[in-house]
Amino acid sequence: MKITNLEQLLEDELKDVYSAENQLLKALPAMAESAESKDLRASLENHLEQTQTHVQRIEEICRTAFRALWLRDYARLDVRLAPDGELWVLEANANPFISYGHDMANAAEKAGMDYYQFIQRLADEATARYERA
């Protein structure tokens with residue numbers, strides 16, 4: 001997918017945030033199906049349901065936090081899932097390190113935007129916002 005705006009970059013970064021959960025979503029059905037024990041199968045199916053809920057909540061909470069904090073263009077949200085199932089936003093970094101080879105630049109690259117395109121996009125978004133003001 002070619003990234004055409006920074007909202008799409010946020011969406012792509014969210015994919016990384018819960019990629020482990022998504023990997024579980026892919027693996028758990030096969031694991032449950034091949035389980036020989038009824039108890040193990042039931043446990044894996046229950047874990048699958050919990051994981052589906054976690055993935056939905058991570059996306060919803062990150063989007064809500066991004067908008068509630070009036071973040072623009074790009075940000076990094078650090079989240080943790082507590083043992084009791086609560087999802088905590090630990091930090092919202094409105095200006096994360098964007099140097100070449102670091103997290104935000106790498107996320108942009110994973111989304112199909114090279115470093116220079118990423119920096120240009122940030123400048124273009126800020127310029128357009130300034131012109132609208």
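This passage walks through a strand hairpin, a helix and the nonpolar cores of a predicted model.

The hairpin comes first. Strand E1 covers residues 76–81 and strand E2 covers residues 87–93; the two run antiparallel and are joined by 6 bridges. One of the pairings puts Arg80 opposite Trp88, its bridge partner in E2. Between the strands sit 5 residues, and in this hairpin Gly85 takes a positive phi, near 95°.

Next up is helix H4, spanning residues 103–110, where Met104, Ala105, Ala107 and Ala108 are buried. Looking down the axis of H4, the buried residues fall within an arc of 160°, so they line one face of the helix. The face turned away from that buried side carries Asp103 and Lys110, both exposed. After H4 comes Gly112, again a glycine with a positive phi near 95°.

As for the packing, nonpolar side chains in soluble globular proteins tend to be buried together. Here the largest nonpolar core is a set of 9 residues: Ile58, Cys62, Ala65, Phe66, Leu71, Ala75, Leu77, Val79 and Leu87. Two elements, helix H3 (38–68) and E1, give two or more residues each to this core. H3 supplies the largest share, with 4 residues. Another core, of 6 residues, lies apart from this one and includes Tyr74, Ala108, Phe118 and Leu122. Ala108 thus ties the two parts of the picture together: it is one of the buried residues of H4, and it also belongs to the core of 6 residues.

Key:
Residues numbered from 1 in each chain as written. Predicted model: local features only at pLDDT ≥ 70, side-chain atom pairs only at ≥ 80, totals over all residues. Heavy atoms only, no water. Pairing = 2+ DSSP bridges. Buried < 20%, exposed > 50% of the residue type's maximum accessible area, 1.4 Å probe, protein only. Arc of directions from axis to C-beta. Core = buried A, V, L, I, M, F, W, Y, C linked by side-chain atoms within 4.5 Å.
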